[in-house]
Amino acid sequence: MKFTILAVTALSILSAQTGNPLSREAKDAYTTIKNDILKSAEKMPEENYGFKPAPKVRTFGQILGHVAEEQYFYCSAVKGEQKAADIEKTKTSKADLLAALR
């Protein structure tokens, strides 16, 4: 959730002022976090996408689905679109989740 809030804040700042050093820094931070999540998703073998560190914790794949779903939710709101995404519950394969994250 914190990632999503950071992403929305960064996107809002970027759309308002692209030449501002603060917006450039926010964009860089967003890009770094996005790349780290994608690298983690790519590096994790598909058979471990169901890994659950504790019974009440989401699986690795569900966490990635949640991140992608929140991105869709907030970015579509910023763009003024009514886009519903149910990625967390419908996408379970590594390929589908990577596509949603990108």
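This note walks through a predicted model point by point.

1. **Overall make-up.** The protein has 102 residues. The model contains 5 helices and 0 strands. Read from the N terminus, the order of elements is α-α-α-α-α. Of the residues, 31% count as buried.

2. **Confidence.** Start here before looking at details. The mean pLDDT of the protein is 83. A score of at least 70 is reached by 80% of the residues. Confidence is lowest in helix α1, residues 2-16, where the mean is 61. Confidence is highest in α5, at 91. Where pLDDT is low, the predicted coordinates should not be read in detail.

3. **Helix α2.** This helix covers residues 21-43. α2 has 23 residues. From first C-alpha to last, α2 reaches 33 Å, close to the 33 Å expected at 1.5 Å a residue. Its buried residues are Ser23, Ala26, Tyr30, Ile37, Leu38 and Ala41.

4. **Helix α3, length.** How far apart are the end C-alpha atoms of α3? They are 29 Å apart. The helix has 20 residues, so at 1.5 Å a residue it should span 28 Å, and the two values agree. After α3 comes Gly80, which has a positive phi, near 80 degrees.

5. **Helix α3, burial.** Many names appear here, so take them in chain order. The buried residues of α3 begin with Phe60, Gly61, Leu64, Gly65, His66 and Val67. The list continues with Ala68, Glu69, Glu70, Gln71 and Ser76. Charged Glu residues are thus among the buried ones.

6. **First aromatic pair.** The structure holds 2 aromatic pairs. One of them joins Tyr49 and Phe60, edge-to-face, with 5.2 Å centre to centre and 85 degrees between the planes. Tyr49 sits in the loop between α2 and α3, and Phe60 sits in helix α3. The two are 11 residues apart, and the pair links distant parts of the chain. Are these residues buried or exposed? Tyr49 has a relative accessible area of 4%, so it is buried. Phe60 has 18% relative accessibility; the cut-off for buried is under 20%, so Phe60 counts as buried too.

7. **Second aromatic pair.** Phe73 and Tyr74 also form an edge-to-face pair. Their centres are 5.0 Å apart, and the angle between the planes is 80 degrees. Phe73 has a relative accessible area of 48%, so it is partly exposed. The cut-off for exposed is over 50%.

8. **Gly61 and its contacts in space.** Gly61 belongs to helix α3. Its relative accessible area is 5%, which means it is buried. Now compare sequence and space. Gly61 and Leu98 are 37 residues apart along the chain, yet 9.9 Å separates their C-alpha atoms. Lys91 and Gly61 are 30 residues apart along the chain, with 8.4 Å between their C-alpha atoms. Lys91 lies in the loop between α4 and α5. With a relative accessible area of 34%, Lys91 is partly exposed.

9. **The largest pocket.** How much space lies in the largest pocket? The volume is about 320 Å³. The pocket is lined by 17 residues. Closest to its centre are Gln71, Tyr72, Cys75, Ala100 and Leu101. The elements that give two or more residues to the lining are α2, α3 and α5. Which element gives the most? That is α3, with 7 residues.

10. **Character of the pocket lining.** Sorted by class, the lining has 10 nonpolar, 2 polar and 5 charged residues. One residue ties two points together. Gln71 is among the residues closest to the pocket centre, and Gln71 is also on the buried list of α3.

Definitions and conventions
Residues numbered from 1 in each chain as written. Predicted model: local features only at pLDDT ≥ 70, side-chain atom pairs only at ≥ 80, totals over all residues. Heavy atoms only, no water. 1 Å grid on protein atoms, 1.4 Å probe; cavity = no way out; pocket = protein on both sides within 12 Å on 5 of 7 lines; lining within 4 Å. Points joined across faces, edges and corners; volume = space filled by probe spheres on them. Helix = DSSP H or I, 4+ residues; strand = E, 2+ residues; numbered from the N terminus. Expected span 1.5 Å × (residues − 1). Buried < 20%, exposed > 50% of the residue type's maximum accessible area, 1.4 Å probe, protein only. pLDDT = per-residue confidence, 0-100. Phe/Tyr/Trp six-rings, centres within 6.5 Å; stacked < 30°, edge-to-face > 60°.
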